[in-house]
4 protein chains.
Amino acid sequence: MSAAREKALAQASSSDVTDWWSTAISDIEPGIIRLRGYPVEQLIAGTSFAQMIWLMVRGDLPAPEHARLLEQALVAAVDHGPQAPSIAAARMAATCGVGLHGSMSTGVGLLGDIHGGAGQQCMQLLDDIRTATVAGDLETAVAQQVADHRATGSYIPGFGHRFHARDPRRDPLLTAVQQQVDTGTISGDYLRIAEELERQLASGRERPVPMNIDGATAVIYAELGFAPELGRGLFILSRSVGILAHAYEQSLESQRNKGPIPRQWLWTYSGPADRTVPHHGE
Amino acid sequence: MSAAREKALAQASSSDVTDWWSTAISDIEPGIIRLRGYPVEQLIAGTSFAQMIWLMVRGDLPAPEHARLLEQALVAAVDHGPQAPSIAAARMAATCGVGLHGSMSTGVGLLGDIHGGAGQQCMQLLDDIRTATVAGDLETAVAQQVADHRATGSYIPGFGHRFHARDPRRDPLLTAVQQQVDTGTISGDYLRIAEELERQLASGRERPVPMNIDGATAVIYAELGFAPELGRGLFILSRSVGILAHAYEQSLESQRNKGPIPRQWLWTYSGPADRTVPHHGE
Amino acid sequence: MSAAREKALAQASSSDVTDWWSTAISDIEPGIIRLRGYPVEQLIAGTSFAQMIWLMVRGDLPAPEHARLLEQALVAAVDHGPQAPSIAAARMAATCGVGLHGSMSTGVGLLGDIHGGAGQQCMQLLDDIRTATVAGDLETAVAQQVADHRATGSYIPGFGHRFHARDPRRDPLLTAVQQQVDTGTISGDYLRIAEELERQLASGRERPVPMNIDGATAVIYAELGFAPELGRGLFILSRSVGILAHAYEQSLESQRNKGPIPRQWLWTYSGPADRTVPHHGE
Amino acid sequence: MSAAREKALAQASSSDVTDWWSTAISDIEPGIIRLRGYPVEQLIAGTSFAQMIWLMVRGDLPAPEHARLLEQALVAAVDHGPQAPSIAAARMAATCGVGLHGSMSTGVGLLGDIHGGAGQQCMQLLDDIRTATVAGDLETAVAQQVADHRATGSYIPGFGHRFHARDPRRDPLLTAVQQQVDTGTISGDYLRIAEELERQLASGRERPVPMNIDGATAVIYAELGFAPELGRGLFILSRSVGILAHAYEQSLESQRNKGPIPRQWLWTYSGPADRTVPHHGE
């Protein structure tokens with residue numbers, strides 16, 4: 001061993017290593033598993049899966065109404081069919097001999113900034129507007145954001161849908177939010193911001209640009225106090241259900257190495273014409 | 001275009017392409033999303049996340065008691081701390097600039113045959129024993145399997161734990177199963193097989209080898225009629241919650257490129273001594 | 001801290017941790033990097049990338065002829081176009097906001113037993129036949145394997161191609177092998193086995209079943225002494241080049257969330273007809 | 001089929017589908033494979049792996065000197081040992097039953113903006129400075145960038161190393177660059193910028209902040225005309241070799257579910273004390 005190695009080890013203490021993997025989530029002793037301080041056997045006995053998700057990412061158990069709203073957002077986003085690249089890639093993976101873990105990892109891995117990030121970006125936008133309303137009124141704060149987006153040509157995340165003129169998940173989700181606003185279990189601040197955004201985006205246009213699934217779930221997650229980045233995480237948990245269902249359905253069929261289009265369909269080649277490697281055959 | 005390409009396209013019909021992505025899961029029209037035939041707005045209004053998971057992977061909605069048992073299995077397996085390679089890898093990923101989707105994809109991708117497969121393998125074993133009991137008694141069928149495993153030196157999946165003498169998740173899960181056997185909502189066939197396995201594995205040993213989380217959830221998933229491969233899929237959904245919680249916790253800290261041990265600890269090098277590349281410097 | 005934790009730490013020594021990450025590959029000290037014992041600066045000065053790959057996975061530098069044959073196998077397998085699921089998935093990933101690392105991870109992750117395993121399986125088959133020839137003649141050993149595969153209905157890995165009647169990569173690769181057999185730098189044992197397999201597979205059939213890229217590279221890797229599992233690894237390194245090229249090409253285009261077929265093409269839905277969630281609206 | 005589906009299909013043409021997967025990289029016909037226009041058999045006969053990488057990502061074959069410089073950069077970055085999270089995660093994956101494709105996908109997936117992005121970021125910085133030198137002198141342009149980074153507290157990518165006072169890969173790589181500048185095969189513009197950066201970063205400090213592997217390879221890739229994003233891609237190809245070597249070495253050992261630290265070492269728990277689930281047992 002070199003002097004450098006010996007010196008490093010001499011200065012090291014075992015708590016360097018145990019602290020390196022420090023966590024506030026799970027506490028394990030022989031015969032004991034506590035999650036966020038709660039014995040796992042109590043959680044198994046009385047906690048729903050949605051409550052458990054909340055506990056794990058937030059650190060405390062939710063009120064029942066809040067857990068129900070979270071659950072509705074999780075239910076809403078499970079799937080939108082095999083044209084989504086995450087679902088298509090997971091189905092292709094299921095024919096390549098990679099196991100369900102490989103198919104699911106593939107699908108989850110595609111939920112990046114563009115495919116899986118609109119909800120998180122919408123939460124960030126709602127937050128920015130909310131901050132701006134501290135010093136001003138809602139209508140002006142929203143108008144500023146809309147103007148900023150139009151000036152840069154960027155779209156407002158969480159609004160509009162390439163396929164649905166009105167996303168069928170919008171109304172039931174916002175209805176559920178409104179009910180809890182009415183009973184006082186959530187503030188409604190983010191709902192009001194999103195509705196004002198929707199109103200201003202529709203203004204002067206032939207067709208409105210209603211909230212889509214990303215916008216409606218962003219309102220829910222923001223009302224419930226989740227950080228924007230967790231909006232992405234919760235969407236991934238939800239869409240993982242669709243990924244699993246599609247990968248499993250595909251695995252029951254006999255296809256091997258499924259490509260994106262049937263084998264007799266060749267892609268268009270747009271590159272250079274046939275040519276010879278320089279000096280080949282010399 | 002070559003003659004081969006032209007011929008292929010001439011024989012192709014548009015239904016080749018639409019059928020290539022055929023699915024029985026999701027049905028989308030403008031303004032309409034149906035999952036397994038149910039309008040998504042109805043599912044949002046009245047379906048729990050656990051029921052939704054069942055619907056998506058099985059095709060029909062579960063009885064409430066069955067949904068509750070599924071939920072308990074999902075709650076039980078969310079996390080066992082950062083020494084699990086899936087959790088550790090996801091936490092390291094969270095310091096590498098890959099986004100939450102990248103961290104979660106990394107963790108899920110490690111739940112392979114060894115790390116994530118014991119539940120599925122236990123379900124297959126329970127199925128094999130159940131098939132054998134059609135022509136014989138339970139005790140003999142179990143004894144045969146135990147003898148087969150001992151002969152090949154392979155361990156019985158779902159029993160024993162390297163850390164817990166008795167996995168604290170075993171009792172609450174099996175109690176929940178027994179209650180539904182008592183009320184007649186499940187048959188109890190798989191519970192009896194697993195308990196007989198546990199009894200025979202303990203026989204003649206100083207320390208018993210009780211069912212672990214993989215065994216107890218295998219009993220639940222088998223009692224509920226899930227295919228063994230879906231046992232893996234459900235475990236992945238459950239553990240994804242722990243992966244998300246850990247990746248998010250890690251992302252809130254300032255570490256960058258977190259390795260497995262602190263930086264001052266160098267690994268042991270066990271390879272060839274310092275040598276010179278042949279012909280170097282000639 | 002619990003007694004269990006204290007006891008564990010008291011028994012632990014720092015070499016437990018440094019040995020846990022022991023490796024014979026890389027040896028690092030401040031200012032020094034040695035790979036397989038060689039100083040990295042010497043390797044940079046005089047080693048080709050193919051030689052470096054060999055050194056890293058095998059532990060020693062190859063003879064120049066062997067490095068050249070490895071290089072030809074690596075060159076041959078880089079790409080077969082976007083209908084391969086690994087390439088298609090990587091291209092879709094490139095439109096999802098996941099970075100080049102995410103696209104490449106996606107593509108590599110699909111090279112499983114079915115999509116990326118034929119070369120490895122062919123190497124295993126060649127090895128099995130070679131073992132059988134120790135006690136018997138080549139023709140009989142091959143005939144036995146062909147009969148075994150036909151009996152179980154399984155195909156012989158490395159032979160035949162769904163698209164090419166004769167894989168254009170076969171001849172240049174086998175020519176390169178034959179040249180080194182002629183000059184005595186490799187034994188030719190595996191080439192003879194593969195050619196005999198090809199001969200027997202063609203026997204009595206209208207169309208021959210010539211070696212494909214997996215078979216031809218399996219011959220090369222086996223002649224060079226690589227373990228079958230490394231055949232998979234080397235194929236992954238080779239195909240990673242095509243994955244990178246395709247992901248990068250796609251990233252230069254403007255598509256977002258690219259699905260497998262154009263957006264106006266809807267998939268066939270084959271599930272249950274529209275139905276109502278039980279008890280909905282009660 | 002709904003009216004919407006029928007209408008979509010009626011408007012669709014088969015070239016929609018074939019164009020959807022258009023590429024300028026690979027052109028396949030029965031019996032023919034052309035890559036960037038070159039027949040694969042010619043490439044196999046006379047092209048090195050490094051030249052092939054260049055051809056695939058750039059579209060044309062490189063001059064021999066340029067291929068050699070690319071090769072040196074690829075050789076230099078293959079590995080820096082198992083404390084790198086990509087290597088550690090790949091080794092852990094290799095014990096989880098996910099196959100070599102799963103291990104390699106895991107490692108590659110961690111080469112994100114922080115772990116794998118410094119080279120790309122350094123190339124971007126060199127480009128920005130080069131653009132600024134069109135209207136001004138080099139010293140001023142560099143000084144401006146250094147001042148900008150110091151003002152925001154961000155570090156300059158490609159310079160300094162947490163472990164090596166002087167990265168041993170710097171000198172042999174820059175020597176190779178200088179030789180080609182001397183013979184006129186590359187311009188040396190980026191080398192001069194990087195050396196000026198190094199000079200100014202050292203100015204007034206006790207210890208210099210020399211270029212590291214990311215900086216030295218960034219100079220090479222920039223001199224060779226690669227786009228910054230391809231700098232990331234080439235680094236991934238290079239590091240994939242180390243990932244493969246480590247994953248394969250790990251797979252030969254008997255560990256299962258290898259965690260980051262030995263099993264007897266428990267992590268520090270920093271969360272809430274043991275508590276009871278509200279209403280539990282009522």
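# A tour of two interfaces

Start with chains D and A of this predicted model. Together they bury about 3800 Å², with 61% of that area on carbon and sulfur atoms. Now pick out Trp267(D), Tyr269(D) and Arg275(D). In chain D, these residues lose the most area to chain A, and together they make up 17% of what that side buries.

Next, select every residue in the contact. You should have 43 residues from chain D and 43 residues from chain A.

**Charges across the D–A interface**

Show the side chains of Asp274(A) and Arg34(D). They meet in a salt bridge, at 3.3 Å from N to O. How many salt bridges cross the interface of chain D and chain A? The rule finds four. Polar contacts are there too: 25 residue pairs between chain D and chain A, with both residues at pLDDT 80 or more.

**Pieces of chain D**

Color these elements of chain D: helix 2 (14-20), strand 1 (26-29), strand 3 (38-39) and helix 3 (40-46). Each supplies at least two residues of the side that touches chain A. Which element of chain D gives the largest share? Helix 2 does, with four residues. Then color that side of chain D by residue class: 21 residues are nonpolar, 15 are polar and seven are charged.

**Turn one chain onto the other**

Superpose chain D on chain A. A turn of 180° with a shift of 0.0 Å along the axis lays one on the other, at an RMSD of 0.0 Å. This is why the pair is related by a two-fold axis. The same surface serves both copies, as 100% of the contact residues of chain D recur in chain A.

**Move to chains A and B**

Hide chain D and bring up chain B. Here 95 residues of chain A are in contact with 94 residues of chain B. The two chains bury about 8300 Å² between them, 72% of it on carbon and sulfur atoms. Select Trp20(A), Trp21(A) and Phe49(A). In chain A, they lose the most area to chain B, together 11% of what that side buries.

Look for salt bridges between chain A and chain B: the count is zero. Polar contacts do appear, in 31 residue pairs with both residues at pLDDT 80 or more.

Last, select helix 13 of chain A, residues 228-251. This helix gives the most to the side of chain A that touches chain B, with 17 residues. Color that whole side by class: 54 residues are nonpolar, 25 are polar and 16 are charged.

Conventions: Residues are numbered from 1 along each chain as its sequence is written. Chains are lettered from A and ligands numbered from 1 in the order in which they are written. This is a predicted model: local features need pLDDT of at least 70, side-chain atom pairs count only at pLDDT 80 or more; totals for chains, interfaces and linings use all residues. Side-chain values use heavy atoms; hydrogens and water are left out. Contact means heavy atoms within 4.5 Å. Buried area is the accessible area (1.4 Å probe) that two parts lose on being put together, summed over both. A polar contact is a pair of N or O atoms within 3.5 Å; within protein, one must be able to donate a hydrogen and the other to accept it, and residues adjacent in sequence count only if both atoms are side-chain atoms. Ala, Val, Leu, Ile, Met, Phe, Trp, Tyr, Cys and Pro count as nonpolar, Asp, Glu, Lys and Arg as charged, and the others, Gly among them, as polar. Copies are superposed by least squares on the C-alpha atoms of residues with pLDDT of at least 70 in both.
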